[in-house]
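Please look over the sequence and the model below before reading on. The text after them goes through a few side chains and what surrounds them.

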Amino acid sequence: MSAASKHAILRWIHLIFTIPILGYIYGEPSDVQQYVGAARYIFVPVVILAGYWMYAGVIFAIIGVPLWLGAYRLSGFGAALLSQVVLFVARKIWLMVRARQSKTPAQQA
């Protein structure tokens with residue numbers, strides 16, 4: 001499968017699974033109460049998976065989803081959001097370390 005096809009599929013998954021989340025956010029609280037579990041434990045993780053996969057690759061997608069679910073389940077939304085921020089910072093540090101290690105000694109001088 002080409003990279004463009006994979007990106008298009010992931011983008012459509014990301015967009016389609018966002019629709020129920022928008023319905024959950026903007027719907028009447030009495031109407032959407034029955035969809036709380038699906039929004040929290042199915043739709044949001046799939047959106048996170050597809051988004052991370054497009055942005056950072058499959059490894060960070062696989063790390064990000066269980067990190068989100070675990071932090072949300074154990075400590076709530078604030079901890080889950082903070083876990084994602086920490087993951088992005090860790091990814092940036094990892095990219096910077098890799099870039100620094102890939103320089104040859106002649107380029108460092």
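Is Tyr 52 buried or exposed? Tyr 52 has a relative accessible area of 10%, so this residue counts as buried; the cut-off for buried is under 20%. Keep in mind that the model is a predicted one.

Tyr 52 is also part of an aromatic pair, with Phe 88 as the partner. The two ring centres are 5.3 Å apart and the planes stand at 90 degrees, so the pair is edge-to-face. Because Tyr 52 belongs to helix α3 and Phe 88 to helix α5, this pair ties together parts that are 36 residues apart in sequence. Unlike the buried Tyr 52, Phe 88 is partly exposed, at 36% relative accessible area.

Now turn to helix α5, which runs over residues 77–102. With 26 residues at 1.5 Å a residue, α5 should span 38 Å, and this agrees with its end C-alpha atoms, which are 38 Å apart. The buried residues in α5 are Ala 80, Ser 83, Gln 84, Leu 87 and Arg 91. What covers them includes α3 and α4, the latter made of residues 58–75.

Take Gln 84 as one of these buried residues. Its relative accessibility is 7%, and therefore Gln 84 counts as buried. Leaving aside residues up to four places away in sequence, Gln 84 touches Ile 48, Tyr 52, Gly 64, Leu 67 and Trp 68. Tyr 52, described above as buried, is thus among the contacts of Gln 84.

Arg 91 is another buried residue of α5. Arg 91 lies over the face of Phe 60, and the distance to the ring centre is 5.9 Å. A similar arrangement involves Arg 98, whose charged end sits over the ring of Trp 94, 4.7 Å from the centre of that ring.

How many aromatic pairs does the structure hold? There are seven. One of them joins Phe 17 and Phe 43, with 5.7 Å from centre to centre and 50 degrees between the planes, and this pair is tilted. Phe 17 lies in helix α1 (residues 3–26) and Phe 43 in helix α3 (residues 36–55), so the pair ties together parts that are 26 residues apart in sequence. Phe 17 has a relative accessible area of 25% and is therefore partly exposed.

Aromatic residues also come together in a group here: Tyr 41, Trp 68, Tyr 72 and Phe 77 form one aromatic cluster. Trp 68 has appeared before, among the residues that Gln 84 touches.

Key: Residues numbered from 1 in each chain as written. Predicted model: local features only at pLDDT ≥ 70, side-chain atom pairs only at ≥ 80, totals over all residues. Heavy atoms only, no water. Helix = DSSP H or I, 4+ residues; strand = E, 2+ residues; numbered from the N terminus. Buried < 20%, exposed > 50% of the residue type's maximum accessible area, 1.4 Å probe, protein only. Contact = heavy atoms within 4.5 Å. Phe/Tyr/Trp six-rings, centres within 6.5 Å; stacked < 30°, edge-to-face > 60°. Lys NZ or Arg CZ within 6 Å of the ring centre and 35° of its normal. Expected span 1.5 Å × (residues − 1).
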